Amino acid sequence: MSNPVIGFIGLGVMGEPMCRNLRVRGRHRVLATDLDAAPLARLAEHGIEAGGGIGAVVRASDIVFASLPSGRVLEGVVRGADGVLANLRAGQIFVDLGTSPVALTRALAAEFAAKGVHYLDAPVARTRQAAEAGTLSVMVGGDPETFREVEPLIACFASDITHCGVVGNGQVTKILNNMVLFETVAALSEAYAIAKRSGLDPALLFDTLAKGSADSFALRNHGMKAIVPQVFPERAFSVEYAQKDLAYALELAADTGVDAEGARRVDRLFNRAIEAGLGDQYHPVVSRLLDGD
């Protein structure tokens, strides 16, 4: 596909900057749709066209990207009356950039294949700032030929792109990435509380950990930038969104017969945070529950 028309569904926290980078960096014609008119207005300044509803965007596009908040929303967009499935044509490519259950991903891929459409699951990792800068990490599942065709487009908003194997493997990788992240944030929250109550400056602790074997992306970003200053904005990766992704990990653990005790403990911590009215805040806010202040 030499000069594909790109469709983009979902212009939320991550979707808007990814869509913009497809246009600004890739110089492609991009048609976008979202329930909120505000991001469409902002993207119009960069030459991105408001494509109308989902059906209209799908019909006018060669490759369709979707950046949606959950598997439930994705399924509604795909299977709705004027949704993706109802408007596909053979030869198109569909790319799910969100985090979705593995079983749903593979079921949808089979339905798309029956229509002659290639399906890639390509969930993204890292932050909103990385989406703005075009330095996301993307984990892709799907056949190698389709992956090679779409990889240059993904490179418009990602600096690290990994082909993880068959359809669904991108989701497996992303789900486990998030599971490990959430468990690490819980450990950092414990360390923060213990240090503070022991009379040790948590900022000094985390700075020292970053120089040793406890160093990690979670430490440098979630620990130093959120837990230490106790800054947990809304419209970031909230507790409720995190728990949604963790539920996918627990589902996968159950399907594979693994007792994911650490993940179950974090799930309980997320429940406590939601009960405390913190569900809309950036997920490292769980540190407040452990610190008690």
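Biologist: Let's start with Phe206: how does it count, buried or exposed?
Modeller: This is a predicted model, where local features need pLDDT of at least 70, side-chain atom pairs count only at pLDDT 80 or more, and totals for chains, interfaces and linings use all residues. Residues are numbered from 1 along each chain as its sequence is written, and side-chain values use heavy atoms, leaving out hydrogens and water. For the labels, under 20% relative accessible area is buried, over 50% is exposed, and in between is partly exposed (1.4 Å probe, protein chains only). Phe206 comes out at 0% relative accessibility, and therefore counts as buried.

Biologist: Which helix is the place of Phe206?
Modeller: Helices here are DSSP runs of H or I with at least four residues, strands are runs of E with at least two, and both are numbered from the N terminus. The run from 202 to 209 takes in Phe206, and that run is helix 10.

Biologist: And which residues does Phe206 touch?
Modeller: Contact means heavy atoms within 4.5 Å. Leaving out residues up to four places away in sequence, the list for Phe206 is Leu188, Ala191, Tyr192, Leu219, Gly223, Met224, Ile227 and Val228.

Biologist: What separates the C-alpha atoms of Phe206 and Ala86?
Modeller: Along the chain, Phe206 and Ala86 are 120 residues apart. In space, their C-alpha atoms are separated by 51 Å.

Biologist: On to helix 8: why do its buried residues line one face?
Modeller: Helix 8 covers residues 144–154, and its buried residues are Thr146, Phe147, Val150, Leu153 and Ile154. Seen down the helix axis, they line one face because they fall within a limited arc, taken from the directions from the axis to the C-beta atoms. In general, an α-helix has 3.6 residues a turn, so residues three or four places apart point the same way. For the buried residues of helix 8, the arc is 110°.

Biologist: Which residues are exposed on the other side of helix 8?
Modeller: The face with Phe147 and Val150 is the buried one. Across from it, the exposed residues are Glu145, Arg148 and Pro152.

Biologist: How many salt bridges does a search of the whole structure find?
Modeller: A salt bridge needs a side-chain nitrogen of Lys or Arg within 4 Å of a carboxyl oxygen of Asp or Glu. Arg20, Arg128 and Glu132 are linked in a network of such bridges. For the whole structure, the search gives 14.

Biologist: How far apart in sequence are the parts that Glu49 and Arg29 tie together?
Modeller: These two form a salt bridge, with the closest N and O atoms 2.8 Å apart. Glu49 is in strand 3 (residues 49–50) and Arg29 is in the loop between helix 1 (15–24) and strand 2 (30–33), so the bridge joins parts separated in sequence by 20 residues.

Biologist: Which residue forms a salt bridge with Glu111?
Modeller: The closest N and O atoms of this pair are 2.1 Å apart. Glu111 is partly exposed at 30%, and its partner is partly exposed at 36%. The partner of Glu111 is Arg79.

Biologist: What relative accessibility does Lys211 have?
Modeller: Lys211 meets Asp207 in a salt bridge (3.3 Å, N to O). Asp207 is partly exposed, at 35%. Lys211 counts as exposed, because its relative accessibility is 69%.

Biologist: Last one: which residues does Asn178 touch?
Modeller: Asn178 is in helix 9 (residues 169–197) and counts as buried at 3% relative accessibility. Not counting residues up to four places away in sequence, Asn178 touches Phe237 and Asp245.
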